[in-house]
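Open the model in your viewer and keep the selection tool at hand. The stops below go from one selection to the next.

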Amino acid sequence: MANPSAPVSHDEEERVRHISASRYYVVWVALLVFTALTIFTARGVHIPSPWHLLVGLAIAVVKAALVALFFMHLWDHGGTTRLVLVTALVFLALLIGITVLDNATRFELSNPVNDRNERFMPPGPDILSPMAVPRGGRLPERSQGAGETGGAPARPGGGH
Amino acid sequence: MRTEAEVTHGGEGVPHLAHHYSNLEMQAHAARLGMWLFLATEVLLFGGLFTAYVVYRYTFSDTFVAASKLVETHYGAINTVVLITSSLTVALAHHFVEHRQSRKAALLLAASVFAGLVFLGIKAIEYTHHIEAGELPGRYYSYEGLQAHGAAMFWSLYFLMTGLHGIHVIIGMGVLAVIAFRTWRGAYDDGYSTPVELSGLYWHLVDLIWIFLFPLFYLI
């Protein structure tokens with residue numbers, strides 16, 4: 001019953017076997033070129049703020065695609081193995097995308113204390129601002145004296 | 001539980017063919033699919049950490065840009081080249097096993113293990129610098145040069161993500177070392193390359209994750 005030469009996905013196996021080694025060297029050189037390019041775009045030239053990150057990530061995606069397609073043979077192996085990776089990436093995109101949407105559209109004070117929202121924070125440390133200012137760091141401007149007239153009332157037993 | 005002899009010589013006298021597969025191609029396909037399923041869980045494992053990175057990169061954007069200046073680009077660049085090159089040697093090793101040049105393949109695998117050692121050595125130098133400077137996670141952060149919201153969080157993520165990646169490098173080196181030894185001893189002389197291919201896939205994934213860690217920590 002078992003026939004070792006039955007052609008199940010035989011083409012794929014044969015295709016991988018007939019790849020010449022030079023293809024791997026070409027991919028390797030391409031990866032080195034893209035590495036040099038990503039360092040140059042980050043350090044050699046000045047790209048304004050949100051774009052430099054996107055350029056870096058775009059180059060990283062190209063490099064990752066080269067590794068996955070040619071070193072990991074997704075180019076030659078079709079079907080289910082590609083589907084597995086694509087499925088993982090779709091769920092990763094959902095995870096990151098929806099989390100970023102949440103953080104970017106929140107009421108600002110519900111984010112951890114940061115440079116954008118620290119001056120709106122009630123005078124801490126109390127239960128409303130659990131993220132204390134780092135040791136030796138800048139205190140929120142309002143916490144020096146202004147807290148007595150404006151700002152949130154101190155919670156009983158909350159501050160030390 | 002089947003004995004090893006049954007697994008390796010199951011399918012009607014065909015070497016390496018387990019009895020529940022009708023041919024070697026089908027068995028290789030199943031093994032590859034299983035490995036990719038495992039790699040998908042790895043992608044999601046690191047995905048959680050990348051999500052955490054994105055959240056705090058958004059929340060503490062200025063601090064992260066300032067903190068990434070403390071991570072030296074040239075170390076990361078050298079390590080990127082080291083890992084990319086080790087991926088090449090692993091891919092070539094698989095190629096040579098399929099073309100029945102086991103000795104060559106074993107040496108290439110050994111070179112990949114050595115590249116992993118170089119990577120870890122450079123990482124150790126970096127970690128030493130950061131630890132001495134007090135650039136540490138959470139309440140252990142004591143670096144005076146950068147006191148801002150989220151500075152400690154950058155180092156939490158840095159050590160978590162590069163640390164977990166480093167653990168993967170160590171595991172990959174162990175796997176590749178065993179496969180290199182078996183290849184040298186002639187275990188895959190007959191062109192049966194699945195173990196070499198699957199351990200190579202793992203190593204490529206380690207490379208893949210570093211490709212994203214490099215711009216996010218060294219170049220922002």
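Over which residues from 142 onward in chain A does pLDDT stay under 50? Select residues 142–160 of chain A: pLDDT (the predictor's confidence in each residue, from 0 to 100) stays under 50 there. For this stretch the model has 20 contacts beyond four places in sequence, where two residues are in contact if their C-beta atoms, placed from the backbone, lie within 7 Å.

Before going on, note that this is a predicted model, in which local features need pLDDT of at least 70, side-chain atom pairs count only at pLDDT 80 or more, and totals for chains, interfaces and linings use all residues. Residues are numbered from 1 along each chain as its sequence is written, and chains are lettered from A and ligands numbered from 1 in the order in which they are written.

Next, colour chain A by pLDDT. The chain averages 76, and 68% of its residues score at least 70. Among its elements (helices, H or I, of at least four residues and strands, E, of at least two, taken as DSSP runs and numbered from the N terminus), α1(A), residues 10–17, has the lowest mean, 71, and α2(A) the highest, 94. Over residues 1–9 of chain A the pLDDT is below 50.

Now select the contact between the chains. It takes 54 residues from chain A and 53 residues from chain B. On the chain A side, α1, α2, α3 and α4 (80–104) each supply at least two residues, and α4(A) gives the most, with 14.

Move to the largest nonpolar core, of 77 residues. Such a core is a set of buried Ala, Val, Leu, Ile, Met, Phe, Trp, Tyr and Cys residues joined through C-beta atoms within 7 Å; a residue is buried if 20 or more other C-beta atoms lie within 10 Å of its own, exposed if 12 or fewer, and partly exposed in between. B:Ala93, B:Phe154 and B:Leu213 are among the residues that touch the most other members. α7(B) gives the most to this core, with 17 residues. Select B:Leu213 to find B:Met161, B:Thr162 and B:His165 touching it, not counting residues up to four places away in sequence.

Last, select B:Val113, in helix α5 of chain B. Is B:Val113 buried or exposed? B:Val113 is buried, because 21 other C-beta atoms lie within 10 Å. Beyond four places in sequence, B:Val113 touches B:Met173, B:Leu176, B:Ala177 and B:Ala180. B:Gly172 is 59 residues from B:Val113 in sequence and 8.2 Å away in space, C-alpha to C-alpha.
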